[in-house]
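Please read the points below with the model open beside you. They are meant for someone meeting this structure for the first time.

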Amino acid sequence: MKYKSNNNIVYSCKYHVVFCPKYRRKVLNNGVDERLKELINNICQELHVDLIEMEVMPDHVHLLLEVDPQFGIHKVVKRIKGISSRILREEFSWLKSRLPTLWTNSYFVSTVGGAPICIALHKRYYRLFKKSLNIYKLQKHLTKLKKIGKFSYFKEVGSQAIQDITQRIDRAYKLFFRNLKHKIRTAPPSFKKIRKYKSFTLKQ
């Protein structure tokens, strides 16, 4: 695993962050999304935060960040939301008429395991090729990621756990695309709340 350090500590802290516009309004489009990506990139550079993955949807934002624990993920999210809200509302005046403030006060954050990386790969593959990423290609991608410095922490995840994660996500995406094909309205795969997990599986 590749670690980072400052004057006091050595660390490897990666977080999956999700936040939404006020009232979950679909306002992150028509140029707002591209400008938001620029702002988030700039803010992360200023704060010396590694922006590993970013996806802006019309009604929410996904970020995968590596943050110095002495600075804290809360400060990073607060800075991103505060600066982006002020600038976007100045540059896109129609946002002011639709929302009293751009972002909700709340956000989701979790430390990163295997699932967020797998889902990020699925989304990127679909954006590029407009089709689902099968389980064999997904596992091949994960093997390649382990050799890249900023993803080397993935080596710490057991192979049995990775098999289980990729199979669960593959089943979820197959069901999602099958429903789309038959014009059945369905939500894309998402994370279970931790209290819903009653067991875990180890492959043999």
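The points that follow take up the sheet, its strands, one histidine and two helices.

1. Basis of the note. This is a predicted model, in which local features need pLDDT of at least 70 and side-chain atom pairs count only at pLDDT 80 or more, while totals for chains, interfaces and linings use all residues. Residues are numbered from 1 along each chain as its sequence is written, and side-chain values use heavy atoms, with hydrogens and water left out.

2. The sheet. Four strands, taken as DSSP runs of E with at least two residues and numbered from the N terminus, form an open sheet in the order S4-S5-S3-S6, with antiparallel pairing. Strand S4 (50-57) and S6 stand at the edges with a single partner strand each, so one side of each has no neighbour in the sheet. Neighbouring strands are turned by 15° against each other on average, direction ignored; the angles are taken between axes, which are lines fitted to C-alpha atoms (for helices over the stretch in contact), and run from 0 to 180 degrees between N-to-C directions.

3. The pairings. Two strands count as paired if DSSP finds at least two bridges between them. S4 and S5 are joined by 7 bridges, S3 and S5 by 6 bridges, and S3 and S6 (residues 108-111) by 4 bridges. Among the bridge partners, Phe19 is matched with Val61 in S5, His16 with Ser110 in S6, and Met57 with His60 in S5.

4. Strand S3. In S3 (residues 14-19), 6 of the 6 residues are buried, where buried means under 20% relative accessible area, exposed over 50% and partly exposed in between, with a 1.4 Å probe and protein chains only. Lys14, His16 and Val18 point one way from the strand, whereas Tyr15, Val17 and Phe19 point the other way.

5. His60. This residue lies in strand S5 (residues 60-66), and His60 counts as buried because its relative accessibility is 13%. Leaving aside neighbours within four places in sequence, His60 is in contact (heavy atoms within 4.5 Å) with Val18, Phe19, Cys20, Pro21, Arg24, Leu28 and Glu55. Its side chain also makes a polar contact with the side chain of Arg24 at 3.4 Å; such a contact is a pair of N or O atoms within 3.5 Å, and within protein one must be able to donate a hydrogen and the other to accept it, with residues adjacent in sequence counting only if both atoms are side-chain atoms.

6. The helices. Helices are DSSP runs of H or I with at least four residues. Helix H1 (residues 32-46) lies across S4 and S5 and runs at about 160° to S4, while helix H2 (residues 73-91) lies across S3, S5 and S6 and runs at about 40° to S3.
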